[in-house]
Structure formats: structure tokens, C-alpha cells
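Here's a quick tour of a model you may want to open in your viewer before reading on. We'll go from the whole chain to its main pocket and then to a couple of residues.

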Amino acid sequence: MLTEHQKNACKRIIESLGLFSQRSKAVEELGELTIELQKVIITVSRTMSYPDRFEKDALITEIGDVFVTLTQIVQAYGIECEVRDEIQHKLDRILDRIASDQTRRVLIEKGIGMHQDTHLIAGGE
């Protein structure tokens with residue numbers, strides 16, 4: 001998601017400010033993002049509409065801060081490939097769950113995924 005120029009800037013920042021400082025900064029930024037996401041959740045649940053531009057701007061700012069600090073940490077640990085692989089693993093797992101849930105719903109709607117002995121419990125043969 002970051003350009004090569006942005007990645008280089010992150011590398012210079014972590015080299016200048018240090019890993020300890022930027023890990024603490026990441027925790028701070030994650031907390032601020034959590035607060036903004038909670039605001040969105042509350043807004044949507046109360047108004048049943050999505051946030052206005054002002055709220056989106058705050059969300060965009062916090063997501064940007066989190067990306068920058070996490071990119072610095074990933075670079076400092078030299079774990080770009082491992083994180084990329086983990087992201088792919090998590091995406092695949094989520095998509096598999098979605099596909100499985102959709103299949104299960106279709107089978108239930110068609111009356112196919114029910115336990116075969118259900119009729120016995122209900123007083124059948």
C-alpha cells in the first residue's frame with residue numbers, strides 16, 4: 001500500500017528515532033484508531049447511516065498513522081515476507097470460512113444439512 005518513497009521514509013524514521021520509541025508510538029496510534037473505529041460503530045448503530053466526511057477524515061488520519069508506525073516495525077524486524085505470507089494466510093482462511101458458511105446456509109435452506117436421524121426424534125420410524 002505504501003510507495004517505495006514512503007517505505008524509505010519509514011526506514012529513515014525508525015533509524016533516527018529507534019525501535020523502542022516507534023513501538024510505543026505504534027501502541028499510541030493503535031489506541032487512537034480504536035477510538036475512531038468505536039465512534040464509527042456508535043454512529044452507525046445510533047443513526048443506521050455511515051459516517052460523514054468529517055468522521056471519515058479522522059479515520060483516514062488514524063489508519064495512516066497506524067500504517068506508518070507498523071511499516072517501521074516490520075522493516076526494523078526484517079519481517080516483510082513473513083507478514084505478507086501471514087496476511088495471505090489470514091485472507092485465505094476468512095474466505096474459506098465465508099464459502100463454508102454460505103454452503104451451509106444453502107444446505108439448511110434446502111433442508112439438506114440437517115441430522116439424518118431427526119425424524120426419529122420427532123416420533124417418526
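## Burial and surface

Of the 125 residues in this chain, 15% count as buried. Keep in mind that the model is predicted. The accessible surface adds up to about 9800 Å², and carbon and sulfur atoms account for 61% of that area.

## Fold at a glance

What does the secondary structure come to? Five helices and zero strands. Reading from the N terminus, the order is simply α-α-α-α-α.

As for how the chain meets itself, take the contacts between residues at least 6 apart in sequence: 67% of them join residues at least 24 apart.

## The largest pocket

If you're hunting for open space, the largest pocket holds about 560 Å³. It is lined by 16 residues, and the ones closest to its centre are L2, K7, T71, V74 and V83. Three elements each give two or more residues to this lining: α1 (4–17), α3 and α4. Which of the elements gives the most to the lining? That's α3, with six residues.

And the chemistry of the wall? By class, the lining of the largest pocket is made up of eight nonpolar residues, five charged ones and three polar ones.

## T69, on helix α3

T69 sits in helix α3, which covers residues 53–77. Is T69 buried or exposed? Its relative accessibility is 4%, and because the cut-off for buried is under 20%, T69 counts as buried.

Who does T69 touch once you skip residues up to four places away in sequence? The list is K25, A26 and E29.

## E80, on helix α4

E80 belongs to helix α4, which takes in residues 80–109. Its relative accessible area is 34%. That value falls between the 20% limit for buried and the 50% limit for exposed, so E80 is classed as partly exposed.

Leaving out neighbours within four places in sequence, E80 is in contact with V74 and Q75. V74 should ring a bell, since V74 is also one of the residues closest to the centre of the largest pocket. Both V74 and Q75 fall within the 53–77 range of helix α3, so these contacts of E80 link helix α4 to helix α3.

Note on methods
Residues numbered from 1 in each chain as written. Predicted model: local features only at pLDDT ≥ 70, side-chain atom pairs only at ≥ 80, totals over all residues. Heavy atoms only, no water. Helix = DSSP H or I, 4+ residues; strand = E, 2+ residues; numbered from the N terminus. Buried < 20%, exposed > 50% of the residue type's maximum accessible area, 1.4 Å probe, protein only. Contact = heavy atoms within 4.5 Å. 1 Å grid on protein atoms, 1.4 Å probe; cavity = no way out; pocket = protein on both sides within 12 Å on 5 of 7 lines; lining within 4 Å. Points joined across faces, edges and corners; volume = space filled by probe spheres on them. Nonpolar A, V, L, I, M, F, W, Y, C, P; charged D, E, K, R; others polar. Areas by Shrake-Rupley, 256 points an atom, 1.4 Å probe, with all protein chains shown as cover.
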